[in-house]
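Q: Hey, could you walk me through this one? I'm new to reading structures.
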Amino acid sequence: MIRSMAVAAFIASLSATSGFDAEQPYQATGPRADAGASQSPPHGNDDPLTRPMEVERAKTWLAPLPPEKIFGNTYLVGFAGLSVALIDTGAGLVLIDGALPQAAPAILDNVRSLGFDPADIKFILSTEPHYDHSGGLAALVRDTGATVVASARGADGLRAGALLEDDPQLAYGGVWPRVTQIRVIEDGEELRLGHTTITAHATPGHTLGSMSWGWQACEAQNCKAIVFASSINPVAASGYRYSAPSSAAIVAGFMATYDRLDALPCDILISPHPDNAGAGRYNDKPDACRIYADRSRGLLSNKLASEREAAAN
């Protein structure tokens, strides 16, 4: 009990005071792109919001896969190396994450191939302000009229379209189309739409603004808890030290996240990079979220030990 209270207190310290009233009607928002970007799809081939990011792993991340129903009202509409989820609430659709900028048209094509209309996408939930998961958000917002929902710290990165100063991957660089009109949601708040309630779970570490999302999907009387967890891989650019005093908030965030994932109801786990959660596009094995956390625990522990050993020598 004491530890769970400490976790809640730490996560609360990362939250902004502006919350998200899930009972308010949604508002369609346009994108805020870099200078020269249009709010309508361009007539030519060069769309500033879907201009390809030629990052090293783009082809691997965006290797095409057919859309897939996971369970109940939940589908995958992403790729072999980047997950994008779709939830049919009965009163509109919800996407989770947007992959790279050039992925947006394929995501919408996958939504259509399932028989849904992209115009029915009301919300796009963001797990983190990194280009591989947020790069496509601006184009998706423009093309659907959806509202992006993110943590307060995550929203800072989405508005900037760039890595924030406290991000362990800052030195990697990389910018993507900005999104400025964002609704902020706090840890533990619920987003209700149709017959679905989605709960925001702060899971800091990979970034301090990382957010995971949990909901229940049912088939007849059989219901399962689904978690789209944020990335929790302790990846850092060269020169970053998790053991440095300046990294204390990041390490504390990871520790709070591990406790959070250990405790979450989690029958099916989706992770932004599928291979981090196990074989296949999602993990429906027992204790999937705990195992996901344990993997990161081990990686972070090894990094800390290696850094301390290097400092001692």
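**Cysteines and disulfides**

A: Sure, let's start with C223, which counts as partly exposed at 32% relative accessibility (partly exposed sits between buried, under 20% relative accessible area, and exposed, over 50%, using a 1.4 Å probe and protein chains only). This is a predicted model, where local features need pLDDT of at least 70, side-chain atom pairs count only at pLDDT 80 or more, and totals for chains, interfaces and linings use all residues. Residues are numbered from 1 along each chain as its sequence is written, and side-chain values use heavy atoms, leaving out hydrogens and water.

Q: Which cysteine is joined to C223 by a disulfide?
A: That's C218, with the sulfurs 2.0 Å apart (a disulfide is a pair of cysteine sulfur atoms within 2.5 Å). C218 is partly exposed too, at 35% relative accessibility.

Q: How many disulfides does a search of the whole structure find?
A: Two. The other links C266 to C289, S to S 2.1 Å. C266 lies in the loop between α7 (248-263) and β12 (268-270) and C289 in helix α8 (residues 288-312), so the pair ties together parts 23 residues apart in sequence. Helices (H or I, at least four residues) and strands (E, at least two) are DSSP runs, numbered from the N terminus.

Q: And are C266 and C289 buried or exposed?
A: C266 is buried, with a relative accessible area of 13%, and C289 is buried as well, at 1%.

Q: New topic: how many helices and strands does the protein have?
A: Eight helices and 12 strands.

Q: What percentage of the residues is buried?
A: Buried residues make up 54% of the 313.
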